[in-house]
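Dear colleague,

I am handing over the structure we spoke of, and below it you will find my notes on what turned up when I went through it. Please read them with the model open beside you.

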Amino acid sequence: MDSFSFTFLIWCLLALNHILPLTIQTIEARIPESPLQCNQTFCILHNSYGKWGDRKDCYALNATYPTTEQELHVAVSFAVEHNLKVKVVTKFSHTIPKLACPDQAVQNSFVISTERYNRQIQIDVANSIVTVDAGVGLRQLIDAVEASGFSLVASPYWEGVTIGGLISTGAHGSSWWEKGGSVHDHVVGLSIVVPASKSEGYAKILRLEAHDPLFNAAKASLGVLGAISKVTLRVEPSFKRSITYNFTSDVGLEDLYVDHANKYEFADITWYPSQHTAVYRYDSRVPLNTSGNAVFDFIGFQNNPTSISEAVRATESLLEKTRNTHGKCLTAAATLAFKKATANGLKNNGILFTGYPVIGYQSKMQTSGSCLYSQSLLTSCAWDPRIKGLSFYESTAIFPASIFRDFILDVKKLRDLNPEHFCGVDNYNGILIRYIKGSDAYLGQSEDSIVIDFNYYRAKEASTPRLNQDIWEELEQMAFFKYGAKPHWGKNRNIAFLGVDKKYPNYNKFIEAKQQLDPQNVFSSNWSDEILFGKELEKSDGCALEGLCICSEHRHCSPQNNYYCSQGLVYKDARVCRYSKSSLPSSV
């Protein structure tokens with residue numbers, strides 16, 4: 001998840017001091033709350049944002065917290081023996097789709113949490129591998145590996161994830177070099193607890209390595225094959241990285257993205273369409289004896305004063321309510337200027353940015369998430385659901401590298417119709433462009449690919465439309481349907497998964513593995529089936545506002561608020577909810 005910049009926060013706070021009274025909500029702790037809460041009757045599961053895509057809560061009859069592989073085995077055995085639907089959840093629950101929700105019938109639902117299954121990190125120095133419990137957090141692993149003289153090469157940019165969770169959903173960083181940016185492609189072995197017959201004790205542990213037929217299904221499995229127990233990853237001798245951001249024009253972006261990835265091992269690009277700006281990340285390894293002890297503390301993942309996070313949200317909501325596109329563009333420009341001044345959170349000495357290049361150990365440069373460790377009652381992650389902070393959607397599409405040029409040109413055409421309409425994403429993190437290698441994982445990418453992420457405002461109420469929402473819907477549909485991009489399994493709104501079964505060459509092999517390991521669908525649910533099988537839900541009033549459907553009638557949008565189902569502006573096959581105060585579109 002990539003978020004906003006601190007400038008936007010400051011600007012909004014100053015503005016609100018003049019136009020709105022600010023209130024600070026007091027809560028007991030600022031470190032993220034456990035997503036799984038149980039009482040004597042049932043358990044309720046949220047993701048880290050406090051709401052799922054359909055805004056419906058996720059319940060289970062009971063939950064268990066194993067601390068060892070044997071206890072995990074017992075938990076799966078219990079669920080199978082008692083005909084329960086089971087899902088494994090992590091201490092972070094950072095997945096946006098409802099992959100972690102068990103059966104809709106609460107009395108048949110059971111949750112296994114890996115929150116306490118995080119004790120073992122075994123480093124094999126001779127073979128340069130590390131084996132960890134599935135519940136070990138990414139930061140916990142990185143620090144342990146670095147202390148032993150090694151580095152984990154690939155990781156997502158956000159460190160609030162567990163190892164079992166991140167490989168299950170295809171989490172990634174950015175690289176086309178060697179094994180690439182996807183963490184699951186650095187996995188060399190794993191253990192998984194799967195259902196079994198009564199004679200086998202209702203559950204069994206499989207130890208899988210690269211030569212095993214099931215390995216490519218299990219290393220990116222969405223949690224529907226069984227409960228991942230242990231993961232073995234390849235590591236490399238410790239190294240440093242040197243990072244420089246080049247803030248420049250987006251002219252020629254469509255011709256530069258391939259060379260950029262080939263030249264820099266950890267390259268990425270952040271594109272701010274409304275500002276006609278592309279930020280090229282020059283990011284490569286340097287010798288371990290190179291001077292520098294920097295930290296990458298990404299602005300969007302830093303601790304923020306609760307009052308400012310709430311002010312940001314209040315300001316953004318006010319701009320939405322008053323349809324103030326120009327106001328959003330002012331803050332987008334300020335956001336970009338502040339990111340340039342602060343190098344997006346790079347800190348040469350661990351405290352401040354003093355100039356390029358910024359050099360530091362891989363462990364301090366590859367991922368961030370300082371808001372996870374807040375010790376103050378007055379700071380938190382900006383999206384903490386206990387405060388009135390940020391709420392947003394995140395769309396993430398994965399393109400074959402060969403067709404990404406045409407997508408960029410289409411986005412530029414859409415942008416050039418009215419650049420101000422793109423300011424909404426530029427207030428967050430623009431369009432982040434990253435790189436991942438072709439993968440052997442059945443639910444991974446079959447070729448070298450480009451990943452884009454963009455965040456945009458989500459209203460407090462499902463029935464409230466968004467300013468310029470037709471632009472984000474056209475961009476979303478253009479990516480997933482015109483260009484056939486694959487959805488990131490751990491992100492996205494529901495419509496991104498429509499037809500997903502046709503997009504993966506080895507999809508049927510994965511389904512065969514699923515049927516072999518879990519023939520009774522113990523680890524599946526209605527919600528995970530919606531994602532895995534790309535099911536289209538029944539359309540209802542307002543369903544397109546939340547990405548639960550693509551509109552085909554005006555009632556799927558918000559006609560009472562002058563939002564009507566309309567044709568796309570550049571991608572004519574798109575059907576989007578567009579604001580039209582003067583007239584009702586004649587047809588869709």
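C543 and C549 form a disulfide in which the two sulfur atoms lie 1.9 Å apart, and since the torsion about their S-S bond is about 70°, the bond is right-handed. Both ends of this bond are covered, C543 being buried at 4% relative accessibility and C549 being buried at 5%. Please keep in mind throughout that this is a predicted model.

A search of the whole structure finds 7 disulfides, and two others among them deserve a description here. C557 and C577 form a disulfide with their sulfur atoms 2.1 Å apart, and because the torsion about the S-S bond is about -80°, this disulfide is left-handed. C557 sits in the loop between helix 14 (526–532) and strand 26 (563–567), while C577 belongs to strand 27 (residues 575–579), so the pair ties together parts that are 20 residues apart in sequence. Relative accessibility is 3% for C557, which therefore counts as buried, and 0% for C577, which is buried as well.

The other disulfide joins C329 to C423, with an S to S distance of 2.0 Å. It links distant parts of the chain, since C329 is in helix 8 (residues 325–342) and C423 is in helix 11 (residues 423–426), 94 residues apart. The torsion about the S-S bond of C329 and C423 is about 100°, so this disulfide is right-handed. C329 is buried with a relative accessible area of 11%, and C423 is likewise buried, at 2% relative accessibility.

As for the protein as a whole, there are 14 helices and 27 strands. Along its principal axes the C-alpha trace spans about 70 × 60 × 50 Å, and the radius of gyration of 23 Å agrees with the value near 25 Å that a compact globule of 588 residues would have. Buried residues make up 61% of the 588 residues, and the accessible surface comes to about 22,200 Å², of which 52% belongs to carbon and sulfur atoms. Among contacts between residues at least 6 apart in sequence, 73% join residues at least 24 apart.

One strand that I looked at in detail is strand 15 (residues 268–272), in which 5 of the 5 residues are buried. In a regular strand the side chains alternate between the two faces of the sheet. Here both faces are covered, with D268, T270 and Y272 buried on one side and I269 and W271 buried on the other.

Which strands pair with strand 15, and in what sense? Strand 15 pairs with strand 16 (residues 277–286) in the antiparallel sense over 5 bridges, and T270 has V279 as its bridge partner in strand 16. Strand 15 also pairs with strand 23 (residues 431–436), again in the antiparallel sense, over 3 bridges, and there the bridge partner of I269 is I433. Strands 15 and 16 form a hairpin with 4 residues between the strands, and in this hairpin H276 takes a positive phi near 55°.

That brings me to the backbone. Most residues other than glycine have a negative phi, and most peptide bonds are trans. L222 has a positive phi near 65° although it is a residue other than glycine, and it is placed in the loop between helix 5 (215–218) and strand 12 (227–234). With a relative accessible area of 5%, L222 is buried. N492, also not a glycine, has a positive phi of about 85°, and its place is in the loop between strand 25 (486–487) and helix 13 (507–517). N492 counts as buried too, at 3% relative accessibility. A cis peptide bond joins Y356 and P357, with omega at about -5°, and P357 lies in the loop between strand 19 (346–347) and strand 20 (358–361).

A last site to inspect is L378, which is found in the loop between helix 9 (362–365) and strand 21 (379–380). At 54% relative accessibility L378 counts as exposed, the cut-off for that class being over 50%. L378 and P305 are 73 residues apart in sequence, yet their C-alpha atoms are 5.6 Å apart in space.

With best regards

Definitions and conventions
Residues numbered from 1 in each chain as written. Predicted model: local features only at pLDDT ≥ 70, side-chain atom pairs only at ≥ 80, totals over all residues. Heavy atoms only, no water. Buried < 20%, exposed > 50% of the residue type's maximum accessible area, 1.4 Å probe, protein only. Helix = DSSP H or I, 4+ residues; strand = E, 2+ residues; numbered from the N terminus. Pairing = 2+ DSSP bridges. Disulfide = S-S within 2.5 Å. Rg over C-alpha atoms; globule rule 2.2 N^0.38 Å. Contact = heavy atoms within 4.5 Å. Areas by Shrake-Rupley, 256 points an atom, 1.4 Å probe, with all protein chains shown as cover.
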